[in-house]
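Student: Hi! Could you walk me through this one with me asking as we go?
Tutor: Happy to, let's bring it up.

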Amino acid sequence: MIDSLLKPLDVLPRFAYPFLWADYVELLCLCSKNSLISKGNLQAQAQEAEDLQADLEDNRDENSEPLDDKISNRWGDIQKRLQARSKSFPGWPFELDGDVLRSRFEPEKPDHRLYVTLLVASSLRLCLNKRHPEITGAFEEISYHWLRQSLTSIWQVRLFGAHQTLPNSYSGTLYVKLSKLAQDVQGRLLKSAQDYDPRDTGDGGIDLVAWQNMGDQRGNMLVIFGQCACSPTDWESKQLDVTPASTEAHIHLDHPGAAYCFVPHDLSINETTWARASHVRRTIIVDRLRLLNLFEVLNIWHELPKWPFTLEVLQSKITSAT
């Protein structure tokens, strides 16, 4: 028997980021009995949360504004984010009508399925812990397909993260995987087997690797290191795991590798501005909008697997939105 996918949805987002609250509202909409949610539903959901004040307030103050005012102010930010998604997100499976969000999710549409899969990955805190590996593994596979399709055929793209099952994924201990990777990217492994725990089968902070096949063994080639992060805040530090400062502690390359960080979150304010911009480092961030845009431009939705947990959201009609 498969464990349920979602926890009760009465735990509000811990942070005030509008993209997280917009995700929360979308998930509530998908799980609502009548496939819609409104500002009033969100107010009711907030009032029922046991730790309402701790979740809602960034700076807790006994003289803070009334709850209804807080929700009203927050709904304005949520509504703006949802409006932006309705205009720019390929495969957005919702419809926004004033203060009401309605689900238009059609499971047979691959663009809808991908959007909901990314939404679940970005809402990992609301998923049962036993299901986390399944969800994070799916997101790594989505990132793999995005990277593979964004590069020409002379590039090799492989999964490096732990517990991967796709063909050509690296396997074995961390030292074994790094040794194989060093050979593939024509680099030099800087540490010996004694420097690594022989029981460590992790990824050393690397989830994806790609390199351009130059047709020789002279080095000085293009290499990409990718990290996948589903936490709304972990990506801020995890993006550094694939920068030269981290990767070159293991493998020396003649040319520094490029750092890609994949996140299922919507980290856009508009076409020119990142959400949480002060935390974006000198890395290539591939967020929800960039993931969806590539699959839309190349029309390769159907190449993605159908992950069962995506449809389980529809079976979780556990909220009481009316």
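Tutor: We'll talk about a sheet, two pockets and a pair of helices in this predicted model.

Student: Sheet to start with. In what order do the five strands of the open sheet run?
Tutor: The order is 4-6-7-9-12, and the pairing is mixed.

Student: And which ones are the edge strands?
Tutor: Strand 4 (155-159) and strand 12 (284-286), each of which pairs on one side only.

Student: By how many degrees are neighbouring strands turned against each other?
Tutor: On average by 20 degrees, with direction ignored.

Student: Let's zoom in on strands 6 and 7. In which sense do they pair, parallel or antiparallel?
Tutor: Antiparallel: strand 6, residues 208-212, and strand 7, residues 223-228, are joined over four bridges.

Student: Which residue is the bridge partner of Leu208?
Tutor: That's Gly226, in strand 7.

Student: Switching to pockets. What volume does the largest pocket have?
Tutor: About 430 Å³. Its lining has 25 residues, and those nearest the centre are Leu124, Arg125, Cys230, Ser231 and Pro232.

Student: Which elements supply at least two residues of that lining?
Tutor: Strand 7 again, along with helix 1 (18-31) and helix 6 (132-150).

Student: How does the lining of the largest pocket split by class?
Tutor: There are 11 nonpolar residues, eight charged and six polar.

Student: OK, what about the second largest pocket, what is its volume?
Tutor: The second largest pocket has a volume of about 290 Å³. It is lined by 15 residues, with Ser268, Asn270, Glu271, Thr272 and Leu289 nearest the centre.

Student: And which elements give two or more residues to that lining?
Tutor: Two helices and two strands: helix 4 (67-88), helix 10 (288-298), strand 10 (268-270) and strand 11 (273-274).

Student: How many polar residues does the lining of the second largest pocket have?
Tutor: Six, next to five nonpolar and four charged ones.

Student: Back to helix 6, since you mentioned it. At what angle do helix 5 and helix 6 pack?
Tutor: Helix 5, residues 110-122, packs against helix 6 at about 130 degrees, and the axes are 10 Å apart.

Student: Why is helix 5 called oblique to helix 6?
Tutor: Because the angle is about 130 degrees, and roughly perpendicular covers 65 to 115 while roughly antiparallel needs over 145.

Student: Last one: is the crossing of helix 5 and helix 6 left-handed or right-handed?
Tutor: Helix 5 and helix 6 make a left-handed crossing.

Technical notes: Residues are numbered from 1 along each chain as its sequence is written. This is a predicted model: local features need pLDDT of at least 70, side-chain atom pairs count only at pLDDT 80 or more; totals for chains, interfaces and linings use all residues. Side-chain values use heavy atoms; hydrogens and water are left out. Two strands pair if DSSP finds at least two bridges between them. Axes are lines fitted to C-alpha atoms, for helices over the stretch in contact, and angles run from 0 to 180 degrees between N-to-C directions. On a 1 Å grid over the protein atoms alone, a cavity is a set of points where a 1.4 Å probe fits but cannot get out, and a pocket is an open set with protein on both sides within 12 Å along at least five of seven lines; lining residues have an atom within 4 Å of a point. Grid points are joined across faces, edges and corners, and a volume is the space filled by probe spheres set on the points. Ala, Val, Leu, Ile, Met, Phe, Trp, Tyr, Cys and Pro count as nonpolar, Asp, Glu, Lys and Arg as charged, and the others, Gly among them, as polar. Angles under 35 degrees count as roughly parallel, over 145 as roughly antiparallel, 65 to 115 as roughly perpendicular and the rest as oblique. A crossing is left-handed if the near helix is turned anticlockwise from the far one by less than a right angle, and right-handed if clockwise.
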